[in-house]
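Open the model in your viewer and keep the selection tool at hand. We will go from the whole chain to single residues.

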Amino acid sequence: MIRSVIIVGAGQSGAVTARTLRRLGYDGGLIVVGDETAPPYQRPPLSKEYLAGEAGLDELALLGAEWCAANDVELRLGTRAAAVKGREVELDGSAVLTADALVITTGARPRALPGVAGERVRYLRTVADADRLRADLVPGARVVVVGAGFIGSEVASTALGRGASVTVLEGLGSPLQRIVGARLGQVCGALQRDSGVDLRTGVSVTGYAETADGARVTTGDGQVFECDVVVVGVGVRPNTELLAGFDVDDGVLVDPYGLTSVEGVYAAGDVARHHHPLYGRKVRVEHFDHASAHGTAVAKNLLGRATPYSAPHWFWSDQFDRNLQYTGHCEEWDQLVVRGSPDTYDFVAFYLRGGRLEAAFGMERGGEIAVARQLIAAAAVPDPRVLADEDVDLTDLL
Ligand SMILES: Cc1cc2nc3c(=O)[nH]c(=O)nc-3n(C[C@H](O)[C@H](O)[C@H](O)COP(=O)(O)OP(=O)(O)OC[C@H]3O[C@@H](n4cnc5c(N)ncnc54)[C@H](O)[C@@H]3O)c2cc1C
């Protein structure tokens with residue numbers, strides 16, 4: 001039986017793992033190590049309400065000092081784990097901790113854009129990043145966002161809301177294209193343009209320079225964009241460098257139980273590439289709900305409950321006054337069925353492969369996405385005509 005656990009990484013997954021262990025009655029030693037100084041907090045508001053100045057840090061809290069004291073959890077903040085070898089954690093400053101089990105929840109960090117560096121360049125991952133960026137987003141500020149993925153698009157939306165003028169530069173043909181595909185990416189692009197974003201697609205950043213009173217971003221097709229601040233949102237890299245002797249391949253590899261290749265060491269959240277029984281392959285995703293659910297599953301497995309992690313993924317994004325949601329996982333599909341009206345940004349689209357529903361994406365359609373999630377979990381092969389027919393209640397398919 002496990003009598004001591006160390007969780008490395010005090011973010012969403014780490015906090016949920018700790019909370020679940022205590023909720024399920026684990027009463028052994030529990031240490032959570034995190035390199036940030038703020039107690040664990042939720043990141044999604046950092047590009048939305050928090051960046052807009054509409055929510056405070058206290059509203060984002062995941063694991064407060066009081067809860068930790070009451071539940072006998074040792075929260076070691078401002079402490080970086082320099083290396084993990086077997087079940088040993090070497091902290092910066094050379095102290096070494098060991099436990100019966102470790103959980104690696106070190107998340108991911110923004111991917112740097114080569115050649116773009118300076119006083120006016122921003123990335124967004126932490127509350128400190130958000131504080132700094134918020135100060136830049138004043139009325140009239142000229143903001144260039146590089147990358148129209150979820151973070152870039154949300155920052156563009158919030159910056160517009162704060163009165164900035166916003167140009168988004170995207171290498172692909174449309175925003176969010178890697179996830180939702182070209183057709184619905186075009187819909188996301190139209191939403192951005194209708195909202196006031198100067199969206200440029202199919203462009204790559206080739207030069208960056210700072211001047212006395214601003215910055216200049218150059219693209220491969222010779223365009224020059226003058227701005228006050230540049231926000232780079234071109235993806236993330238998993239924080240795996242500290243792991244010595246683990247199987248790592250774009251994330252630390254874990255089985256459906258969250259176990260790494262090293263005995264007694266689990267991993268969850270953004271840092272882990274997990275084998276998903278439903279998709280039949282390994283995936284690494286960067287979503288809030290996944291980070292929580294994966295942490296919960298790992299906590300159960302630590303306590304011997306043998307819980308494979310198998311629910312379809314789900315995430316949301318709020319941008320340009322629309323709620324976007326996606327469920328499942330589908331990189332290639334042979335049929336795309338649209339229900340509703342993409343023109344008015346009120347629709348849900350279903351991605352099918354070999355007739356089977358693998359993913360769904362929608363705007364303002366949370367209820368139908370929830371149904372789609374259940375259908376995906378059941379490996380359903382729904383009739384495409386029924387999916388497209390607004391007169392049919394999708395719950396009839398369950
Ligand atoms: C701005 C922003 C907006 C987002 N919006 C959404 C959204 O709308 N919807 C959605 O589904 N998802 C969203 N996400 C994604 C979601 O927040 C992440 O998937 C989730 O936070 C991942 O949790 P995690 O615990 O794996 O990693 P994290 O929350 O990143 O936690 C990892 C922690 O480990 C720490 N750490 C790293 N290395 C070490 C080390 N060596 N030693 C000690 N500590 C270490 C990190 O500093 C961090 O505190 C957003 C993310 C960001 C950044």
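Here is a tour in short stops, each with something to select.

**Stop 1: the whole chain**

This is a predicted model. Show the C-alpha trace first. Along its principal axes it spans about 60 × 60 × 35 Å. How does the radius of gyration fit a compact globule? For 398 residues, such a globule would have a radius of gyration near 21 Å, and the chain has 22 Å, so the two agree.

Now switch to the cartoon. The chain holds ten helices and 27 strands. Of its 398 residues, 43% are buried. Consider the contacts with a separation of 6 or more: 60% of them link residues 24 or more positions apart.

**Stop 2: the domains**

Give each domain its own colour. Select 4–109 together with 237–302 for domain 1. Domain 2 is 112–232, and domain 3 is 321–397. How far apart are the C-alpha centres of domain 1 and domain 3? They lie 32 Å apart.

**Stop 3: around the ligand**

Select the residues around the ligand. There are 36 of them. Which come nearest? They are Gly9, Gly11, Ser13, Gly107 and Gly269. By class, the shell has 14 nonpolar, 14 polar and eight charged residues.

Check your domain colours here. Domain 1 and domain 2 each give at least three residues to the shell. Then look at the elements. Helix H1 (12–23), helix H8 (288–302) and strand S23 (314–319) each supply at least two shell residues.

**Stop 4: Ala291 in helix H8**

Stay with helix H8 and select Ala291, which lies in it. Is Ala291 buried or exposed? Ala291 is buried, because 27 other C-beta atoms lie within 10 Å. Setting aside neighbours within four places in sequence, Ala291 contacts Gln12, Ser13, Gly269 and Asp270. Two of those names, Ser13 and Gly269, are also among the residues that come nearest the ligand. Next, pick Val271, 20 residues from Ala291 along the chain. Their C-alpha atoms are separated by 9.4 Å.

**Stop 5: an open sheet**

Select strands S6, S5, S4 and S18, in that order. They form an open sheet of four strands with mixed pairing. Which are the edge strands? They are S6 (96–98) and S18 (243–244), and each pairs on one side only.

Zoom in on S4 (residues 81–85) and S5 (residues 88–91). These two run antiparallel and are joined by four bridges. Find Ala83: Glu90 in S5 stands opposite. Show the side chains too. In a regular strand they alternate between the two faces of the sheet.

**Stop 6: Val146 in strand S10**

Select S10, residues 142–146, and click on Val146. Val146 counts as buried, because it has 25 C-beta neighbours inside 10 Å. What does Val146 touch beyond residues up to four places away in sequence? The list is Leu113, Leu169, Val205, Val230, Val232, Gly233 and Val234. Now add Val168, which is 22 residues from Val146 in sequence. In space the two are 6.0 Å apart, C-alpha to C-alpha.

**Stop 7: a hairpin**

Finish with S25 (residues 335–341) and S26 (residues 346–353). The two strands run antiparallel, and seven bridges join them. Look for Leu336; its bridge partner in S26 is Tyr351. Then move to the turn. Four residues lie between the strands of this hairpin. Select Tyr345 there, which takes a positive phi near 55°.

How values were computed. Residues numbered from 1 in each chain as written. Predicted model: local features only at pLDDT ≥ 70, side-chain atom pairs only at ≥ 80, totals over all residues. Domains from an automatic or database assignment. Rg over C-alpha atoms; globule rule 2.2 N^0.38 Å. Buried ≥ 20, exposed ≤ 12 C-beta atoms within 10 Å, placed from the backbone. Contact = placed C-beta atoms within 7 Å. Pairing = 2+ DSSP bridges. Near = placed C-beta within 6 Å. Nonpolar A, V, L, I, M, F, W, Y, C, P; charged D, E, K, R; others polar.
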